[in-house]
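Work through the exercises below with the sequence and the model side by side. Each task is followed by a solution that goes step by step.

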Amino acid sequence: MINVVVGGATGKLGRMVCQLILEDSRMDLTGAIVSSQGGNVGKELYPGVVACGPDAVRSCLADADVYVDLTTPDAASRLIPSIPDTNTNLVVGTTAVDEEAVRSLKEALKKTNNSALMSANFSLGVNLFWRLCEMMASSLPGYDIELIDIHHNQKKDSPSGTAMEAVRAMQAVTGIEAVRHGREGKAEKRGREIGVHSLRAGDVVGDHTVIFAGNMERLEVTHRAVSREAFARGCVEAINWIADKRDGELHSMREVLNL
Ligand SMILES: NC(=O)c1ccc[n+]([C@@H]2O[C@H](COP(=O)([O-])OP(=O)(O)OC[C@H]3O[C@@H](n4cnc5c(N)ncnc54)[C@H](OP(=O)(O)O)[C@@H]3O)[C@@H](O)[C@H]2O)c1
């Protein structure tokens, strides 16, 4: 049985992941980490599950096999580098985590030989979307590349982690360095760059469109998440996949999905 502690257990994604863990015969929800304001909510949501605030993370993880972080960029950046020292494997779904925190996490993994998996998006469709972005970018040299992400109006980071992962994938195969966030004023598109545009509206779960445009044609690919369950189900598979790894590495969802 895999003992799982979820950080951000009161959040939109965290609630759904906790529910799926409770229904999954392979795992137990042994703890929930909530922000100090959410402490009582955590206890009410998950009766019998230890709910602790950010200061009590170490004791909450004492018997855990996997800690899943679904919090905020600041909270995750502060916490995740210290998780391998607790001898717990880690799944990070929180987006916009500091690069410095990711570097420290990788060092801690090497030292302790514990394992982690980090993904800005756990859905199968988005992981395939990233692959398609790569393929189109390498097959359509010289085409203009524009990327649009649309999310609900409460989203904390912008552009989305999913959009930025698509940008990194396309940069890696094209060598394009310049990224232009939004277009305002008189600046024209000159030379090689990737345009990124974020819309924040209503309750949109997450839409991403990439546009490759030449002079005579345009190729567009769109992924739409219609329910957070697409992410939550992928997250549970990531927990199962990472639980007994001991290799000191930071893994990606691509490995879980064999893409
Ligand atoms: N990887 C993926 O597939 C995927 C998909 C969707 C979203 N995400 C990312 O997952 C993260 C959570 O998204 P969401 O929509 O669930 O956000 P949300 O509804 O705002 O939930 C955030 C959670 O973080 C907790 N929290 C806030 N500050 C904290 C702190 N200092 N220490 C511990 N916990 C703290 C909140 O607790 P309180 O309620 O107590 O404040 C809440 O449980 C975001 O980074 C989002 O971009 C990833």
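## Exercise 1: Asparagines with positive phi

Asn-113 is partly exposed, because 13 other C-beta atoms lie within 10 Å, and the model in which this is computed is a predicted one.

**Task.** Find where Asn-113 sits and what its phi is, and then do the same for Asn-87.

**Solution.** Begin with the position of Asn-113, which belongs to the loop between helix 5 (99-112) and strand 6 (116-118). Next take its backbone: phi of Asn-113 is near 70 degrees, a positive value in a residue that is not glycine. Then turn to Asn-87, which lies in the loop between helix 4 (73-79) and strand 5 (89-92), and whose phi is also positive, at about 65 degrees, although Asn-87 is not a glycine. Last, consider the surroundings of Asn-87: it has 14 C-beta neighbours inside 10 Å, and because a residue counts as buried at 20 or more and as exposed at 12 or fewer, Asn-87 counts as partly exposed.

## Exercise 2: The chain as a whole

**Task.** Describe the secondary structure of the chain, its extent along the principal axes and its radius of gyration.

**Solution.** First count the elements, which come to nine helices and twelve strands. Then look at the extent of the C-alpha trace, which spans about 60 × 40 × 30 Å along its principal axes. The radius of gyration of the chain is 19 Å, which agrees with the value near 18 Å that a compact globule of 259 residues would have. For burial, 39% of the 259 residues count as buried. As for contacts between residues at least 6 apart in sequence, 67% of them join residues at least 24 apart.

## Exercise 3: Two domains

**Task.** State how the chain is divided into domains, and describe the side of domain 1 that touches domain 2.

**Solution.** The domain assignment gives domain 1 (2-118 + 229-256) and domain 2 (124-225). The centres of domain 1 and domain 2, taken over C-alpha atoms, are separated by 28 Å. Eight residues from domain 1 and eight residues from domain 2 take part in the contact. On the side of domain 1 that touches domain 2, the elements that give two or more residues are helix 8 (229-242) and helix 9 (253-256). Sorted by class, this side of domain 1 has four nonpolar, three polar and one charged residues.

## Exercise 4: The buried face of helix 1

**Task.** List the buried residues of helix 1, and say how they are arranged around its axis.

**Solution.** Helix 1 (residues 12-23) has twelve residues and reaches 18 Å from its first C-alpha to its last, close to the 16 Å expected at 1.5 Å a residue. Its buried residues are Leu-13, Gly-14, Val-17, Cys-18 and Ile-21. Seen down the axis of helix 1, these buried residues fall within an arc of 130 degrees, so they line one face of the helix. A general rule helps here: an α-helix has 3.6 residues a turn, so residues three or four places apart point the same way. The partners against which the buried residues of helix 1 pack are strand 1 (2-7), strand 2 (27-33), strand 4 (66-69) and helix 8 (229-242).

## Exercise 5: Helices 7 and 8

**Task.** Give the span and the buried residues of helix 7, and then those of helix 8.

**Solution.** Helix 7 has 14 residues and reaches 20 Å between its end C-alpha atoms, close to the 20 Å expected. Buried in helix 7 are Thr-162, Ala-163, Glu-165, Ala-166, Val-167 and Met-170, and what covers them includes helix 6 (124-139), strand 7, strand 8 (179-181), strand 9 (194-200) and strand 10 (206-213). After helix 7 comes Gly-175, with a positive phi near 80 degrees. In the loop between strand 7 (144-151) and helix 7 (161-174) lies Pro-159, which a cis peptide bond joins to Ser-158, with omega about -10 degrees. For helix 8, the 14 residues should span 20 Å at 1.5 Å a residue, and its end C-alpha atoms are 20 Å apart, which agrees. Among the buried residues of helix 8 are Phe-231, Cys-235, Val-236, Ile-239 and Ile-242.

Definitions and conventions. Residues numbered from 1 in each chain as written. Predicted model: local features only at pLDDT ≥ 70, side-chain atom pairs only at ≥ 80, totals over all residues. Helix = DSSP H or I, 4+ residues; strand = E, 2+ residues; numbered from the N terminus. Expected span 1.5 Å × (residues − 1). Arc of directions from axis to C-beta. Contact = placed C-beta atoms within 7 Å. Domains from an automatic or database assignment. Nonpolar A, V, L, I, M, F, W, Y, C, P; charged D, E, K, R; others polar. Rg over C-alpha atoms; globule rule 2.2 N^0.38 Å.
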